[in-house]
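Reader: I am new to this structure and would like to go through it slowly. Could we begin with the charged side chains and then turn to the core?

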Amino acid sequence: MRTIPEKDWKTLRAMQDDLLQTACGRILDKIATMIQESPDDNHKTYLNLWKTMRLEDGKIADMFNDVKRSNAKRKLAYWYGY
C-alpha cells in the first residue's frame, strides 16, 4: 500500500493537535449558541445537545482516531472537509 513521504507525514502529525483543538472549539461554539438560543423547554434543549454531541463525536473520531500513514490521505480529506 502506498504511503505518504516522511516529510509530509511529519507535517501532518504536527498539524493534528492544532486541528483537533480547532474542531473541538467549533463544536463548543455551536453548543454555546444552541444553549443561548434554546427555547424554554430544558428537556428538548438537552436532547438536541445530546444528539449534536453524538454526531460531532463521530466526526471527531473519523478525523482523529487511528491516524497512520496508510490512512493519512483519507484523514486529511476529512480535515479539509470539516
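Reader: Which residue meets Glu56 in a salt bridge at 3.5 Å, N to O?

Author: This is a predicted model, and the pairing concerns two side chains of helix α2. The two residues are three apart in that helix, so about one helical turn separates them. The partner is partly exposed, with a relative accessible area of 31%, and the residue that meets Glu56 at 3.5 Å is Lys59.

Reader: Which residues are linked with Glu56 in a network of salt bridges?

Author: Besides the bridge within helix α2, the side chain of Glu56 meets that of Lys30 at 3.0 Å, N to O. Lys30 lies in helix α1 and Glu56 in helix α2, so this pair ties together parts that are 26 residues apart in sequence. The residues linked with Glu56 in the network are therefore Lys30 and Lys59.

Reader: Is Glu56 buried or exposed?

Author: Lys30, one of its partners, counts as partly exposed at 37% relative accessibility. Glu56, by contrast, has a relative accessible area of 3%, and because buried means under 20%, Glu56 is buried.

Reader: Which element gives the most residues to the largest nonpolar core?

Author: This core has 13 residues, and among the members that touch the most others are Trp9 and Ile60. The elements that give two or more residues to the core are α1 (6-36), α2 (42-64) and α3 (72-81). With five residues, the element that gives the most is α1.

Note on methods. Residues are numbered from 1 along each chain as its sequence is written. This is a predicted model: local features need pLDDT of at least 70, side-chain atom pairs count only at pLDDT 80 or more; totals for chains, interfaces and linings use all residues. Side-chain values use heavy atoms; hydrogens and water are left out. A nonpolar core is a set of buried Ala, Val, Leu, Ile, Met, Phe, Trp, Tyr and Cys residues joined through side-chain atoms within 4.5 Å. Buried means under 20% relative accessible area, exposed over 50%, partly exposed in between (1.4 Å probe, protein chains only). Helices (H or I, at least four residues) and strands (E, at least two) are DSSP runs, numbered from the N terminus. A salt bridge is a side-chain nitrogen of Lys or Arg within 4 Å of a carboxyl oxygen of Asp or Glu.
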